[in-house]
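Colleague: I've got the model open on my screen and a few labels puzzle me. Can we go through what earns each one?

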Amino acid sequence: MPRPIEALVHVPALAHNLQRARALAPDARVWAVVKANAYGHGIERAYDGLRGADGFALLDLAEAERLRTLGWRGPILLLEGVFEPRDLELCSRLDLWHAVHCNEQIDWLAAHKTQRPHRVFLKMNSGMNRLGFTPTALRGAWARLDALPQVDEISLITHFSDADGPRGIAHQIAAFETATQDLPGERCLSNSAALLRHGVKNDWVRAGILLYGSAPDFPEHGIEHWELRPTMTLRSRIIATQTLAAGDTVGYGSSFTAPGPMRVGIVACGYADGYPRLCPTGTPALVDGRRTRTIGRVSMDMLEVDLTELPDAGIGSEVTLWGRGPGGSVLPIDEVARAAGTIGYELMCAVAPRVTMRGAED
Ligand SMILES: *Cc1c(COP(=O)(O)O)cnc(C)c1O
């Protein structure tokens, strides 16, 4: 028998979360952002739940190819554009739309031989300072693209640095609007947090993390607040139990000392499965759907949970590390991420290849 750990992808929950994005932006078109193998869910599985989107946005040309192989004929957008000139051949062949964020990408387009002009998303740097043209360089880039026979429609795109936090997005919106006011073309500004918190819609929205049942502004808001459903469950089982007396310690480094008599369950899940080693004693977990806490250090293949208040739990009991447990129980991935000092995005992207992942129809 394989180790009892597995990951489930809840296909109807993906579809539900996509509907939430639609409800928030009824007049916009929705990009389902499926970069990083659909935030770790697997493009193929995610596609089952997200095919109602207007398009798919991602970074990797191989992932774009997989979507076309799955039969998707609608828009696909490369959020970072192409990485070298010959990528443009694949864009022509697969009809991929692509961001253009630097002059080199325009040079490559100008030298590209194609029968089919490309739809491009000209990226403005409105303050994030990663990709895109500065407000002063934007107009020149737009004019260059507009003059190219290789280019069909030009849309305008920018990305927010603080849509989930106190600084907000007003300064970036102002920079974008000033720089683009008399340029034609569709606009695409929002990520999940800008849509949820600020209601920014435009022609296109880019829904990422909200599709995957994690709140971009946790702990200020959780998924219940945004009416999102968890799309990934990481679960395993208890493979041993220990009874401790006061003063006994648990795991590497003896970081946890029992204050009194305790029962401990050993779970087949460790950092080699993608569970964060930085999760301290007290990180929430569900055993048979009931909430408890981890104790001691996470090791490569195992971690420990407190069973003192769960006398019925034992070898074989189901442990939910995040996601959905038995009896309608839920442990949002955001709570575990927070305990580890990170965000839901990182946990869902980091589930290890040795964990079997499969789609679930509930
Ligand atoms: C990843 C990404 C998104 C999606 O962000 P979420 O916070 O997951 O909604 C949107 N736009 C760009 C450019 C991205 O790279």
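Modeller: Sure, and keep in mind that this is a predicted model. Let's start with the largest pocket: its lining has 19 nonpolar, eight polar and eleven charged residues.

Colleague: What makes a residue part of the lining of the largest pocket?

Modeller: A lining residue has an atom within 4 Å of a grid point of the pocket. For the largest pocket, 38 residues line the space, and Lys35, Tyr39, His159, Asn191 and Tyr345 are the ones nearest its centre. Elements giving two or more residues to that lining are α2 (35–39), α9 (192–198), β9 (204–207), α11 (333–339) and α12 (344–349). The largest share, three residues, comes from α11.

Colleague: How much space lies in the largest pocket?

Modeller: About 800 Å³.

Colleague: And where is the ligand?

Modeller: The ligand takes up the space of the largest pocket. To sit in a pocket, a molecule needs more than half of its atoms within 2 Å of the grid points.

Colleague: Which residues are around the ligand?

Modeller: The cut-off is a heavy atom within 4 Å of the molecule. Around the ligand, that gives Val33, Lys35, Tyr39, Leu79, Lys123, His159, Asn191, Ser192, Arg206, Gly208, Ile209 and Tyr345. Sorted by class, this shell has five nonpolar, four polar and three charged residues.

Colleague: Why is the pair between Tyr39 and the ligand called a polar contact?

Modeller: A polar contact is a pair of N or O atoms within 3.5 Å. A side-chain N or O atom of Tyr39 is 2.5 Å from an oxygen atom of the ligand, so the pair counts as a polar contact.

Colleague: What about the backbone?

Modeller: There, a backbone N or O atom of Gly208 lies 3.1 Å from a ligand oxygen, and a polar backbone atom of Ile209 is 2.7 Å from an oxygen atom of the ligand. Both values are within 3.5 Å, so these pairs are polar contacts too. As for cover, the protein hides 92% of the 380 Å² of accessible area that the ligand has on its own.

Colleague: What is unusual enough about Tyr39 to get its phi flagged?

Modeller: Tyr39 lies in helix α2. Phi of Tyr39 is near 50°, a positive value in a residue other than glycine.

Colleague: And how do you know which peptide bond is cis?

Modeller: Look at omega: the bond joining Phe218 and Pro219 is cis, with omega about 5°. Pro219 is in the loop between β9 and α10 (223–226).

How values were computed. Residues numbered from 1 in each chain as written. Predicted model: local features only at pLDDT ≥ 70, side-chain atom pairs only at ≥ 80, totals over all residues. Heavy atoms only, no water. Polar contact = N/O pair within 3.5 Å; in protein donor to acceptor, adjacent residues only side chain to side chain. Areas by Shrake-Rupley, 256 points an atom, 1.4 Å probe, with all protein chains shown as cover. 1 Å grid on protein atoms, 1.4 Å probe; cavity = no way out; pocket = protein on both sides within 12 Å on 5 of 7 lines; lining within 4 Å. Nonpolar A, V, L, I, M, F, W, Y, C, P; charged D, E, K, R; others polar. Points joined across faces, edges and corners; volume = space filled by probe spheres on them. Helix = DSSP H or I, 4+ residues; strand = E, 2+ residues; numbered from the N terminus.
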